[in-house]
Amino acid sequence: DVYKRQVVANPMKSEKLAPSSASSGPSSHIYFSQRLRLHYVDWGNPDGPPMLLIHGGRDHCRNWDWVAEHFAKDYHIIAPDLRGHGDSQWETSGNYTQISYVYDIAQLLQQKNMHDVTVIGHSLGGAIALMYTALFPERVKKLVAIEGMGPSPSLAAKQAEISINGRVRSWVDDMRKLSGRLPRRYDTLDDAFKRMRDENPHLSEEQARHLTLHGANQNEDGTYSWKFDNYVRVFSMSGLPNEEVKKMYGEISCPTLLMRGEESWASDPVADGRTQCFNCPIEYQSFANAGHWVHHDQLDGFVDRVLSLIHISE
């Protein structure tokens with residue numbers, strides 16, 4: 001059977017503590033892609049096999065700190081801030097495409113001369129990881145995608161019912177609205193922290209404060225705003241059609257693990273048939289007591305499952 005479906009019924013809750021204070025943490029670096037100044041962090045251990053961690057939309061690279069601490073001893077880990085996110089430069093056009101994100105990842109790995117990489121991506125980062133691996137299968141040794149397969153067949157069907165004229169007009173309206181939308185300002189960092197907790201109730205206080213600290217900037221007037229560009233909220237009209245993307249997944253050849261939280265809005269990719277586009281062996285894991293951010297909500301189970309993929313495939 002191609003699928004090894006395993007469900008964690010009641011996994012042990014992680015302590016979810018902030019990254020160890022004994023750790024020196026990662027070092028910050030800059031690289032350039034399409035004339036954008038982009039940021040990534042490097043967890044050291046350059047002699048270890050490479051591991052790339054790609055965050056999701058409106059997130060940042062430091063959301064991987066807990067995962068990185070589990071693997072940094074054995075891997076050379078790098079985690080980029082996608083363009084328009086974290087400490088990376090914003091796209092001046094405000095037009096963010098999945099292909100552009102993939103290009104940035106290709107540039108980073110090319111400049112770092114990394115091969116046989118273990119790639120882990122979450123949400124938008126999972127979609128980027130899947131597409132990069134499909135385009136450059138010779139560079140990726142293992143792949144983990146957390147809810148990165150895009151819209152379910154039912155949602156894709158609803159989108160297809162809208163004419164191309166209607167979709168483009170909607171995109172124009174959304175972009176015009178965002179042009180006048182100012183970044184939300186919070187009077188204090190604690191107000192931003194409360195918003196973070198509301199977004200994901202599974203987060204512990206330590207997790208939410210860490211994510212807020214690295215995800216917000218202080219404005220000149222003393223208020224705080226999230227680092228991401230508001231334009232990343234709109235999906236570009238210049239992206240590839242879903243059907244073409246699914247065809248690309250057939251080029252992935254490495255051991256691949258798909259993950260999902262049972263409390264997430266994302267549908268089951270096995271049950272809805274989206275995994276049929278793969279030609280490589282696919283493993284699938286769903287987690288109880290977890291939403292969209294599986295690697296936060298069930299950290300211990302997530303790490304154990306990734307380790308099992310790594311050990312089985314070596």
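Entry 1, α3 and α8. I call two helices oblique when the angle between their axes is neither under 35 degrees, nor over 145, nor from 65 to 115. I applied this to a predicted model. I looked up helix α3 and helix α8, whose axes cross at roughly 60° and come within 8 Å. α3 and α8 are therefore oblique to each other. I noted the crossing of this pair as left-handed. On the α3 side I found Leu130, Met131, Ala134 and Leu135 in the contact, and on the α8 side Val245, Met248 and Tyr249. I sorted the residues of the contact of α3 with α8 by class and got seven nonpolar, no polar and no charged.

Entry 2, α2 and α3. I then took helix α2, residues 98-111, against helix α3, residues 124-135. Their axes are 9 Å apart, and the packing angle is about 65°. An angle from 65 to 115 degrees counts as roughly perpendicular, and α2 and α3 are therefore roughly perpendicular to each other. I recorded a right-handed crossing where α2 passes α3. From α2, I listed Gln98, Ile99, Tyr101, Val102, Ile105, Ala106 and Leu109; they meet Leu124, Ala127, Ile128, Met131, Tyr132 and Leu135 of α3. The class count for the contact of α2 with α3 came to 12 nonpolar residues, one polar and no charged. I marked Met131 and Leu135 in this list, and I also have Met131 and Leu135 down for the contact with α8.

Entry 3, α6. Which residues of helix α6 are buried? In α6, which covers residues 189-199, I found Ala192, Phe193 and Met196 buried. I looked down the axis of α6: the buried residues fall within an arc of 105°, so they line one face of the helix. This fits the general rule that an α-helix has 3.6 residues a turn, so residues three or four places apart point the same way. I checked what the buried residues of α6 pack against, and found α7 (205-215) and β9 (224-226).

Entry 4, Ser238. I looked up Ser238 and found it in the loop between β9 and α8, the latter being residues 242-249. Is Ser238 buried or partly exposed? Its relative accessible area is 47%, and partly exposed runs between 20% and 50%, so I entered Ser238 as partly exposed. Setting aside neighbours within four places in sequence, I found Ser238 in contact with Asn95 and Thr97. I also took the C-alpha separation of Ser238 and Leu211, which is 31 Å for two residues 27 residues apart along the chain.

Methods:
Residues are numbered from 1 along each chain as its sequence is written. This is a predicted model: local features need pLDDT of at least 70, side-chain atom pairs count only at pLDDT 80 or more; totals for chains, interfaces and linings use all residues. Side-chain values use heavy atoms; hydrogens and water are left out. Buried means under 20% relative accessible area, exposed over 50%, partly exposed in between (1.4 Å probe, protein chains only). The arc is that of the directions from the helix axis to the C-beta atoms. Contact means heavy atoms within 4.5 Å. Axes are lines fitted to C-alpha atoms, for helices over the stretch in contact, and angles run from 0 to 180 degrees between N-to-C directions. A crossing is left-handed if the near helix is turned anticlockwise from the far one by less than a right angle, and right-handed if clockwise. Ala, Val, Leu, Ile, Met, Phe, Trp, Tyr, Cys and Pro count as nonpolar, Asp, Glu, Lys and Arg as charged, and the others, Gly among them, as polar.
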